[in-house]
Amino acid sequence: MSASLTFVTPPPGLDPAVDFVLDEIEGANGLYALSTAGTPRSRLFVVDAAVHLPDYSPYITDEQSSSLGVTRPQDALLLVVANPAPTGTTVNLMAPIVVNASTGASAQLILEGQDWPLRAALARHEQPVAVAV
């Protein structure tokens, strides 16, 4: 899967870029590369919170949802930036990327007044093994 995303404001640290491409990493369920569409290219790794962080439920304000045209939670894709390191991968839960799954309108939101960590360890999820009977 590859999708074009347009941020309503440049993500922090990537100003002035607003046009990005989201590419699925083959063989890694819920892992994506988010790259700037122009040059020079910048790339971040992001994970689908629904796949890797099922208990993650940040509060998104009506104003934030409205700026993306999201009217129902199921219309949004919630991504978090992953930071791989030799000691393990961490994710930033304080600044999720919210994507309108229908239009590609996106924003990296800074969650104010919420107690989410900037560097949460990403737990390894084992894939269920199919057993033939």
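Which strand does Gln108 lie in? I looked it up in the model, which is a predicted one: Gln108 belongs to strand β8.

**Gln108**

Next I checked its accessibility. Gln108 comes out at 17% relative accessibility, so I put it down as buried, the cut-off being under 20%. Then I went after its polar side chain. A polar atom there sits 3.1 Å from the backbone oxygen of Ala95. Ala95 also turns up when I list what Gln108 touches beyond four places in sequence, along with Phe7, Pro11, Pro12, Val81, Pro96 and Ile97.

**The cores**

I pulled up the largest nonpolar core and got 17 residues. Leu53, Tyr56, Leu68, Val80, Val91 and Leu93 have the most contacts inside it. Strands β5 (76-83) and β8 (105-108) each give this core at least two residues. There is a second, separate core of 13 residues, with Leu22, Val46, Leu79 and Ile97 among them.

I took a closer look at Tyr56. Skipping neighbours within four places in sequence, I find Tyr56 in contact with Ala49, Leu78, Val80, Leu93, Pro96, Leu111 and Trp116.

**Val51**

Last stop was helix α1 (residues 49-52), where Val51 is placed. Buried or partly exposed? Val51 has 31% relative accessibility, so I logged it as partly exposed. Outside the four places on either side in sequence, Val51 contacts Asn29 and Gly30. I also took the C-alpha separation from Val51 to Leu31, which is 9.0 Å for two residues 20 apart along the chain.

Conventions: Residues numbered from 1 in each chain as written. Predicted model: local features only at pLDDT ≥ 70, side-chain atom pairs only at ≥ 80, totals over all residues. Heavy atoms only, no water. Helix = DSSP H or I, 4+ residues; strand = E, 2+ residues; numbered from the N terminus. Buried < 20%, exposed > 50% of the residue type's maximum accessible area, 1.4 Å probe, protein only. Contact = heavy atoms within 4.5 Å. Core = buried A, V, L, I, M, F, W, Y, C linked by side-chain atoms within 4.5 Å. Polar contact = N/O pair within 3.5 Å; in protein donor to acceptor, adjacent residues only side chain to side chain.
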